[in-house]
Amino acid sequence: MLAAAACLVLGIGLLGGAAAGGWLTETAVGAPPDAEAAFAKGHDVWRNTPVDTLFPRTVNGLGVGPGGADRTWTRIAVAPDSGCNGAFDPKLAGALAPAGCVRLLRATYIDATRSGFITVGAQITKADQAGMMALNTRFSTKNLGIRTDLMPLPYAAKGTPAADFGRAQRASWTVRVLTDLPAVVFAVSGFADGRTFTDPQPAEAATRPGATTAPAESGLGHDAKDLADRIEADLRKAAGSPTQTREASS
């Protein structure tokens, strides 16, 4: 069942790796990337990119864990691409509503020690560049990305080890409104043993040097941050965006 799910592609008529490769070769060699064209392509990234490209089966993060430790994550579930109705708690859904929703993409990973689950995803929006800039500004100036009432929901796929990964298990998270692509990237992590967590911490705080909270010391903050870094980078690569970001290696 899991093997079948892992082979799904994002969207009906999703093209294979050749199509993704075609994106990368449309621009003449040596020509500067076209930010406007990349933004436009971003609306269809979910349709034109294989699931294993956006959500690799295994992600290796070299030196990205607490104290510079290596991290490895294995994908255990991919959600069917869908709309955004019911995918977020009401307050986060309301905060993201101005950008609209074309598709929601999500996958859940488990770390190499099997001690933590991480759901990572992207909301592909309907907004233009001005709309994404406005939403980014609102999230930044009002600190919406660090509010505990605006945490993303886990994707708890039935029949997988993460079936009970729910609201109460959330320990760390990140929400990022991109401005070079029509996308909101998010990730949320929690302990794999099902324990509830009453004091979740944003990934940006949990990954600061010297942080001693449970999300920091367990690596759950790093898990959320680094897998979000990865999908953010993969979205940009698929769309041909000139904007660069740090990413976990694979």
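The following exchange goes through the sheet, one histidine and the cavity of a predicted model.

Colleague: In what order do the seven strands of the open sheet lie?
Modeller: The pairing in this open sheet is mixed. Its edge strands, each pairing on one side only, are E1 (58-61) and E7 (201-202). The order is E1-E2-E3-E4-E6-E5-E7.

Colleague: Which residue stands opposite Ser172 in E7?
Modeller: Strand E5, residues 170-177, is joined to E7 by two bridges. The two strands run parallel. Opposite Ser172 stands Gln201.

Colleague: Why is strand E4 described as largely enclosed by the rest of the structure?
Modeller: E4 covers residues 116-124. Gly116, Ile118, Val120, Ala122 and Ile124 point one way, Phe117, Thr119, Gly121 and Gln123 point the other way, and all are buried. Buried here means under 20% relative accessible area. E4 is called largely enclosed because the buried count is nine of the nine residues.

Colleague: Which residue takes a positive phi in the hairpin of E3 and E4?
Modeller: Strand E3 (residues 103-111) and E4 run antiparallel and are joined by eight bridges. Within this pairing, Ile110 stands opposite Phe117. The hairpin has four residues between the strands, and the positive phi, near 60°, belongs to Arg114.

Colleague: How many bridges pair E4 with E6?
Modeller: The sense of this pairing is antiparallel. One facing pair has Gly116 opposite Phe191 in E6. The number of bridges between E4 and E6 is nine.

Colleague: What is the bridge partner of Trp173 in E6?
Modeller: E5 and E6 form a hairpin with five residues between them. They pair in the antiparallel sense over seven bridges. In E6, the partner of Trp173 is Val188.

Colleague: At about what angle does helix H7 run to E5?
Modeller: Strand E5 is mostly covered, with eight of its eight residues buried. Helix H7 (residues 129-141) lies across E5 and strand E6 (183-191). The angle of H7 to E5 is about 140°.

Colleague: Is His222 buried or exposed?
Modeller: His222 lies in helix H10. Leaving aside neighbours within four places in sequence, its contacts are Val64, Gly65, Pro66, Ala206, Thr207 and Ala216. The relative accessible area of His222 is 10%, and the cut-off for buried is under 20%, so His222 is buried.

Colleague: What is the volume of the largest cavity?
Modeller: The structure holds one cavity of 30 Å³ or more. Residues lining the largest cavity include Leu54, Phe55, Pro56 and Val59. The volume of the largest cavity is about 40 Å³.

Colleague: Which helix gives the most to the lining of the largest cavity?
Modeller: The lining includes Leu227, Arg230 and Ile231. The helix that gives the most contributes three residues and spans residues 220-239. That helix is H10.

Colleague: How do the residues of the lining of the largest cavity divide into nonpolar, polar and charged?
Modeller: Tyr109 and Val120 are among the lining residues, and both types count as nonpolar. Arg230 is also in the lining, and Arg counts as charged. The division is eight nonpolar, no polar and one charged.

How values were computed. Residues numbered from 1 in each chain as written. Predicted model: local features only at pLDDT ≥ 70, side-chain atom pairs only at ≥ 80, totals over all residues. Heavy atoms only, no water. 1 Å grid on protein atoms, 1.4 Å probe; cavity = no way out; pocket = protein on both sides within 12 Å on 5 of 7 lines; lining within 4 Å. Points joined across faces, edges and corners; volume = space filled by probe spheres on them. Pairing = 2+ DSSP bridges. Contact = heavy atoms within 4.5 Å. Axes fitted to C-alpha atoms, helices over the stretch in contact; angles between N-to-C directions. Buried < 20%, exposed > 50% of the residue type's maximum accessible area, 1.4 Å probe, protein only.
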